[in-house]
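This report introduces one protein chain to a reader who has not met it before. Please look over the sequence and the model first; the text then takes up confidence, cores, strands and a pocket.

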Amino acid sequence: MTERTLRPDAATGLRATVPGPGRAGMRVVALTTGQALADGRPARIAALTRAAYHGSDPLPGLPIPDGATETEAGVRADVARGATVWLAQDPAGEPAGTLRVHARPDGAWEIGRVSVGPAARGRGVARILLRAVETTAAALGVPVLRLDAVVERCLPSLYARLGFTPVRHWPSDDKPLTEVTMERRPGAAVDPGTPPWAAPGPDDLCVRWLTTPAALIAVVGDGTAAYPGARLAGIDVWHGAAPYERAALTARLAALGRPVGDTVIAFPSARAATRAHLMPRTVEPRLHAWCRLPPGAELPLRAPSAVPTAAVRCT
């Protein structure tokens, strides 16, 4: 896709980024502050955001996303704090998606509230929006794009495919979830092999979640038993867990499932119905979800219980 950087639009006065051909006529525009606040637009942006986030989790049962409760006042406040609202518009000029960008003191552009309307899902709208932001950022010399993604909502893998790299995992302060800050240098090559998680430290305890034809399996540490047909569904990490804490976590998981080995626990329920997998911090607050792959996109394992060792080191 070829794109031009922001320029005044002769018809609307918007600053616009225009996709090249082959994108079903989709156009991306970055609104000026006046345009973002005019003509009932904050209410429409809030409605689009709510619709995008409502029921959007691939694993149901998680706390409601903040975007699902977006309000007109929230949009106005975000713009007042300096956010630039970007819109993807379909050929009829109707909004198909939106996001917001804050310019931070270190020069980074921080992206938030990435939203795609239900009717536009599956058309690459989020990709078009993010690529438009990146193209403009590169032209303006912005050193880095930055965003936060909730691991349990399976979002980091989406952004990793677009070239964003995890730099920091951290616990949400208002929900029992884990977030990851991801960054991308505008214009850098995209490495399709980049995993959507950062490598844990050598003293960190890992829990690997594997889907198998028979059950969902949690492997605490470096279990080596064979699980035919296993696929990697996720990884949890406890920073610096002591041996007694590892034993306590294994016992806690065993009480919730069925032990099938010293550090291997089977759960007969689906991923969304297994709370320890859905939200590991509800089992142990220091156990952070490090990676979650969307249902149907779990990674096949080259060895029966292997995890890509270039990306993961477990104690």
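## Confidence in the model

pLDDT is the predictor's confidence in each residue, on a scale from 0 to 100. The structure shown is a predicted model. Its protein chain has a mean pLDDT of 88, and 87% of the residues reach 70 or more.

Two stretches have a pLDDT below 50. One covers residues 1-14, and the model gives this stretch 40 contacts beyond near neighbours in sequence. The other covers residues 303-315, for which the model also has 40 contacts beyond near neighbours in sequence.

## Nonpolar cores

In soluble globular proteins, nonpolar side chains tend to be buried together. The largest nonpolar core here holds 33 residues. Trp86, Leu99 and Ile111 have the most contacts inside this core. Two or more of its residues come from each of β3 (27-30), β4 (84-89), β5 (95-103), β6 (109-116), α4 (125-139), β7 (145-150), α5 (156-161) and β9 (178-184). Helix α4 gives the most, with 8 residues.

A second core, separate from the largest one, has 16 residues. Val220, Phe267, Val283 and Leu287 are among them.

## Strand β9 and its partners

In strand β9, 6 of the 7 residues are buried, so the strand is largely enclosed by the rest of the structure. Strand β9 pairs with β7 in the antiparallel sense over 6 bridges. In this pairing Leu147 has Met182 of β9 as its bridge partner.

Strand β8 (residues 165-171) also runs antiparallel to β9, and 6 bridges join the two. Pro171 has Thr178 in β9 as its bridge partner. A hairpin of 6 residues leads from β8 to β9.

## Strand β11 and its partners

Strand β11 spans residues 216-220, and 5 of its 5 residues are buried, so β11 is largely enclosed by the rest of the structure. Leu216, Ala218 and Val220 point one way from the strand, while Ile217 and Val219 point the other way. Val220 also belongs to the second core.

Strand β10 (residues 205-211) pairs with β11 in the antiparallel sense over 5 bridges, and a hairpin joins them through 4 residues. Leu210 stands opposite Ile217 of β11. Strand β14 (residues 264-267) is another antiparallel partner of β11, with 4 bridges. There Ala218 stands opposite Ile265 of β14.

## The largest pocket

The largest pocket contains about 1,400 Å³ of space. Its lining has 48 residues, and those closest to the centre of the pocket are Tyr53, Val114, Asp148, Leu155 and Tyr159.

At least two lining residues come from each of α2 (41-53), α3 (72-80), β5, β6, α4, β7 and α5. Strand β6 supplies the largest share of the lining, 7 residues. Strand β6 is also one of the elements that give two or more residues to the largest nonpolar core.

## Pro63 in a loop

Pro63 is located in the loop between α2 and α3. Is this residue buried, partly exposed or exposed? Its relative accessibility is 23%, so Pro63 counts as partly exposed; the cut-off for buried is under 20%.

Leaving aside neighbours within four places in sequence, Pro63 is in contact with Asp57, Arg153, Lys175, Pro176, Leu177 and Met279. Pro63 and Met279 are 216 residues apart in sequence, and their C-alpha atoms are 9.8 Å apart in space.

Methods. Residues numbered from 1 in each chain as written. Predicted model: local features only at pLDDT ≥ 70, side-chain atom pairs only at ≥ 80, totals over all residues. Heavy atoms only, no water. Core = buried A, V, L, I, M, F, W, Y, C linked by side-chain atoms within 4.5 Å. Buried < 20%, exposed > 50% of the residue type's maximum accessible area, 1.4 Å probe, protein only. Pairing = 2+ DSSP bridges. Contact = heavy atoms within 4.5 Å. 1 Å grid on protein atoms, 1.4 Å probe; cavity = no way out; pocket = protein on both sides within 12 Å on 5 of 7 lines; lining within 4 Å. Points joined across faces, edges and corners; volume = space filled by probe spheres on them.
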